[in-house]
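Q: Please take a close look at the salt bridges of this predicted model, and set them against the strands, helices and loops that carry them.

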Amino acid sequence: MLEPRFSGVLFLWLLFGTLIPMVESAIGFNWGTISSHRLKPTTVVDLLRDNKISKVKLFEADSDVLRALMGSGIQVMVGIPNEMLPLLSSSSAAADLWVRQNVSAYVGRGGADIRYVAVGNEPFLSGYNGQYQNLVMPAILNIQQSLVKANLGGYVKLVVPCNADAYESSSLPSQGAFRPELTQIMTQLVQFLNSNGSPFVVNIYPFLSLYGNEDFPQEYAFFEGTTHAVQDGSNVYTNAFDGNYDTLVAALIKLGYGQMPIVIGEIGWPSDGAIGANTTAAKVFNQGFINHIASNKGTPLRPNAPPMDAYLFSLFDEGAKSTLPGNFERHWGIFSFDGQAKYPLNLLLGNKELKNARNVEYLPSRWCVANPSGDLTNVVNHMRLACSVADCTTLNYGGSCNEIGEKGNVSYAFNSYYQLQMQDSRSCDFDGLGIVTFLDPSIGDCRFLVGVTDKGTDSSSSQTTYQWWILFLVLILQGTFMLPI
């Protein structure tokens, strides 16, 4: 198990404040739950432990997930969704209640090892147009006070996962700076993080740089070497991660906090849903990143000082996520929805390869496909219905099921809906155009799934809505939050 470990360099840093302590970076995982096919949290925790994964990052305080993590020894970062920031920033009572329900209730002897609370998720994202920008610091201060009241202020640290667009993209990392409209809030944030011993958390996605720019050199997104190295003074950058990371370092230096520890909150590569998103590329990128971090080489601006921790994105595919950024959004998982590894990967945590989830309970081996004798002339509306509910993103351009033909497309859509409905026989009717088969219709890399019976709890979005309303109603009853008249 890899844990942050301070060396003698820390002593020099404490004396002179000019060096970054050398650490042995820990590899963790993001555990997202926006999926229609979810394993039981206890099954997932067993999967984490079998693979010797010692750190996990959650996007919300899911009660079933936190209960499953109790006594596991796995260190946890619990997230507060952006939607809760208005309430938590305006009410100290709401912050007290949130901490009581989602932190205090689970920590302690034999409890969950909650080390961080992530206040918001990429709240400064430019696409939000400043919606959450002025809520972050008030929410942080309220939550911090609540942690202190709960005698957890010195143990549970607050962080704010930031998208890399919080700092301006530059052709040279040394010119990195936070976006002008964020300079004041970032100064306040890093001052708070520094005074409380918290790291700066950033999400870096070289895939998105490649996906969004056809002129972006493909090999620069990976760690295998490039003919498109970036020369920045005496520093040479051979991969996008190092360049992006040092752009953040330069931005922190400009604020006077060049020594602040950095955690990579999200990084990964999707395996489907777009050109360049496939299992081969995902394996090469993720293994390259793991090896790069484990080498302790650091970056040109922080030599021999890799990130404090790094959380791979993601543990599982999330088939109910929004596809607004792209169809690949549902395919970041290193494991498929049923806990089976998509490709070999050595996490360098003791196992040479990934171990699959154990004792997964599947539905019977049967599939819903297009009726060979059916007239598919009017099948479009049925497909539209099926794919409005189930995940059909692999059928689109760049997907693994894009070239299976018209009947294959129909069958895939029908089966995705059928499995989502727990193989209810009525869900394979489609006005007589569907038929149940016991022969696996998978074609090449296009896998026709079979659902699982050991489903987890409600989706992440419904859990968030439930938590928000509980907080809201309790505060109204207590008279600490007034509805506008």
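**Salt bridges and their surroundings**

A: In this predicted model, the side chains of Lys 57 and Glu 266 come together in a salt bridge, with 3.6 Å from N to O. This pair links distant parts of the chain, since Lys 57 belongs to strand E2 (residues 55-58) and Glu 266 to strand E10 (residues 262-267), 209 residues apart. Lys 57 and Glu 266 are both buried. A search of the whole structure finds 14 salt bridges, and the Lys 57 to Glu 266 pair is one that can be placed within a sheet, as the strand order shows.

The sheet is open and is formed by 9 strands with parallel pairing, in the order E5-E4-E3-E2-E1-E13-E10-E7-E6. Its edge strands are E5 and strand E6 (162-163), each of which pairs on one side only. In that order E1 and E13 stand between E2 and E10, the two strands that hold Lys 57 and Glu 266. Strand E10 runs parallel to E13, to which it is joined by 2 bridges, and Ile 267 stands opposite Leu 312 in E13.

Towards the E5 edge of the sheet, strand E3 (residues 75-80) and E4 run parallel and are joined by 6 bridges, with Val 76 standing opposite Ile 114 in E4. On its other side, E4 pairs with strand E5 (residues 157-159), again in the parallel sense, over 3 bridges; here the bridge partner of Tyr 116 is Lys 157 in E5. Strand E4 (residues 113-119) is mostly covered, as 6 of its 7 residues are buried. Together with H6, the strands E4 and E5 make a right-handed β-α-β unit.

Helix H6 also carries one end of a second salt bridge, in which Lys 149 meets Asp 96 with the closest N and O atoms 3.0 Å apart. Lys 149 lies in helix H6 (residues 136-149) and Asp 96 in helix H5 (residues 92-104), so that this pair, too, links distant parts of the chain, 53 residues apart. Unlike the buried Lys 57, Lys 149 counts as exposed because its relative accessible area of 55% is over the 50% limit.

A third salt bridge joins Arg 330 to Asp 391, where the closest N and O atoms are 3.0 Å apart. Arg 330 lies in the loop between strand E13 (309-312) and strand E14 (367-370), while Asp 391 lies in the loop between helix H11 (380-389) and helix H12 (405-420), so the pair ties together parts that are 61 residues apart in sequence. Buried is the word for residues under 20% relative accessible area, and both partners therefore qualify, Arg 330 at 15% and Asp 391 at 18%.

The surroundings of this loop pair can be followed through Ala 390, which is found in the loop between H11 and H12 and counts as buried at 6% relative accessibility. Leaving aside residues up to four places away in sequence, Ala 390 touches Arg 330, Ser 416, Tyr 417 and Leu 420. Ala 390 and Asn 415 are 25 residues apart in sequence, with their C-alpha atoms 9.1 Å apart in space.

Finally, salt bridges also link Asp 165, Arg 179 and Glu 181 in a network.

How values were computed:
Residues numbered from 1 in each chain as written. Predicted model: local features only at pLDDT ≥ 70, side-chain atom pairs only at ≥ 80, totals over all residues. Heavy atoms only, no water. Salt bridge = Lys/Arg side-chain N within 4 Å of Asp/Glu carboxyl O. Helix = DSSP H or I, 4+ residues; strand = E, 2+ residues; numbered from the N terminus. Buried < 20%, exposed > 50% of the residue type's maximum accessible area, 1.4 Å probe, protein only. Contact = heavy atoms within 4.5 Å. Pairing = 2+ DSSP bridges. Right-handed = clockwise from strand over helix to strand, strands pointing away.
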